[in-house]
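The following exercises practise reading a protein model step by step. Please attempt each task before turning to its solution.

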Amino acid sequence: MWKLRGRDNKIKRWSEYGEFQNIADAAERILELEGDPNGALFLRVYVDTNPITAVGVTGTADAEILSRLEYQSDKGFYLLERIVH
């Protein structure tokens, strides 16, 4: 499962957008929120190479790093995180 949340660039208030079975469904929701249902997304992977701060942000293992995806647009910032129930 993947949890999607985001904030707009004006108010910068975080909103919860739900949980999704896969990345494609979450990306489709981002495109709906952006008003671009026919577009495509490039999701970023944040990697902190500083050993002091990396563990606190994303961890150091590939699985931990790849469990947090980001998307930034002119309208807002979206964070997609892998969740395990």
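The model is predicted.

**Exercise 1. A charge and a ring**

Task: Determine where the charged end of Arg5 sits.

Solution: The charged end of Arg5 lies over the ring of Trp14, at 4.7 Å from the ring centre. A charge is counted as sitting over a ring when CZ of Arg is within 6 Å of the ring centre and within 35 degrees of the ring normal.

**Exercise 2. The sheet**

Task: State the order of the strands in the open sheet, and identify the edge strands.

Solution:
- Step 1. The open sheet has 5 strands in the order β2-β1-β5-β4-β3, and their pairing is antiparallel.
- Step 2. β2 and β3 are the edge strands, since each pairs on one side only.
- Step 3. β1 and β5 run antiparallel and are joined by 7 bridges; here Lys3 stands opposite Glu81 in β5.
- Step 4. β4 and β5 pair antiparallel over 5 bridges, and the bridge partner of Glu70 in β5 is Leu79. A hairpin through 3 residues joins β4 to β5.
- Step 5. β3 pairs with β4 (residues 68-72) over 2 bridges, in the antiparallel sense. Val45 stands opposite Leu69 in β4.

**Exercise 3. Strand β5 and its surroundings**

Task: Explain why β5 is described as largely enclosed by the rest of the structure.

Solution:
- Step 1. Of the 7 residues of β5, 5 are buried, so the strand is largely enclosed by the rest of the structure.
- Step 2. Helix α1 (residues 23-34) lies across β1, β2, β4 and β5, and runs at about 165 degrees to β5.
- Step 3. The largest nonpolar core has 10 residues, including Ile30, Leu69, Tyr78 and Leu80. At least two residues of this core come from each of β1, α1, β4 and β5.

**Exercise 4. Aromatic pairs**

Task: Classify the pair formed by Tyr17 and Tyr78, and decide whether each residue is buried or partly exposed.

Solution:
- Step 1. A pair of aromatic rings is described by the distance of the centres and the angle of the planes.
- Step 2. The whole structure contains 3 aromatic pairs. In the pair of Tyr17 and Tyr78, the centres are 6.2 Å apart and the planes form an angle of 45 degrees, which makes the pair tilted.
- Step 3. This pair links distant parts of the chain: Tyr17 belongs to strand β2 (residues 14-20) and Tyr78 to strand β5 (residues 76-82), 61 residues apart.
- Step 4. Tyr17 has a relative accessible area of 24% and is therefore partly exposed. Tyr78 has 7% relative accessibility and therefore counts as buried; the cut-off for buried is under 20%.
- Step 5. Ring pairs link Tyr17 and Tyr78 with Tyr71 into a cluster.

**Exercise 5. Two residues with contacts far along the chain**

Task: For Gly6 and Arg44, decide whether each is buried or partly exposed, and find which residues each contacts beyond four places in sequence.

Solution:
- Step 1. Gly6 is in strand β1 (residues 2-8), and its relative accessibility of 0% means that it counts as buried.
- Step 2. Beyond its neighbours within four places in sequence, Gly6 is in contact with Arg13, Trp14, Ser15, Tyr17, Phe77 and Tyr78. The C-alpha atoms of Gly6 and Leu80 are separated by 8.5 Å, although the two residues are 74 residues apart along the chain.
- Step 3. Arg44 is in strand β3 (residues 44-45) and, at 35% relative accessibility, counts as partly exposed.
- Step 4. With neighbours within four places again left aside, Arg44 contacts Arg68, Leu69, Glu70, Gln72 and Phe77. Between the C-alpha atoms of Arg44 and Glu70, 26 residues apart along the chain, the separation is 5.0 Å.

Conventions. Residues numbered from 1 in each chain as written. Predicted model: local features only at pLDDT ≥ 70, side-chain atom pairs only at ≥ 80, totals over all residues. Heavy atoms only, no water. Phe/Tyr/Trp six-rings, centres within 6.5 Å; stacked < 30°, edge-to-face > 60°. Helix = DSSP H or I, 4+ residues; strand = E, 2+ residues; numbered from the N terminus. Buried < 20%, exposed > 50% of the residue type's maximum accessible area, 1.4 Å probe, protein only. Contact = heavy atoms within 4.5 Å. Pairing = 2+ DSSP bridges. Axes fitted to C-alpha atoms, helices over the stretch in contact; angles between N-to-C directions. Core = buried A, V, L, I, M, F, W, Y, C linked by side-chain atoms within 4.5 Å.
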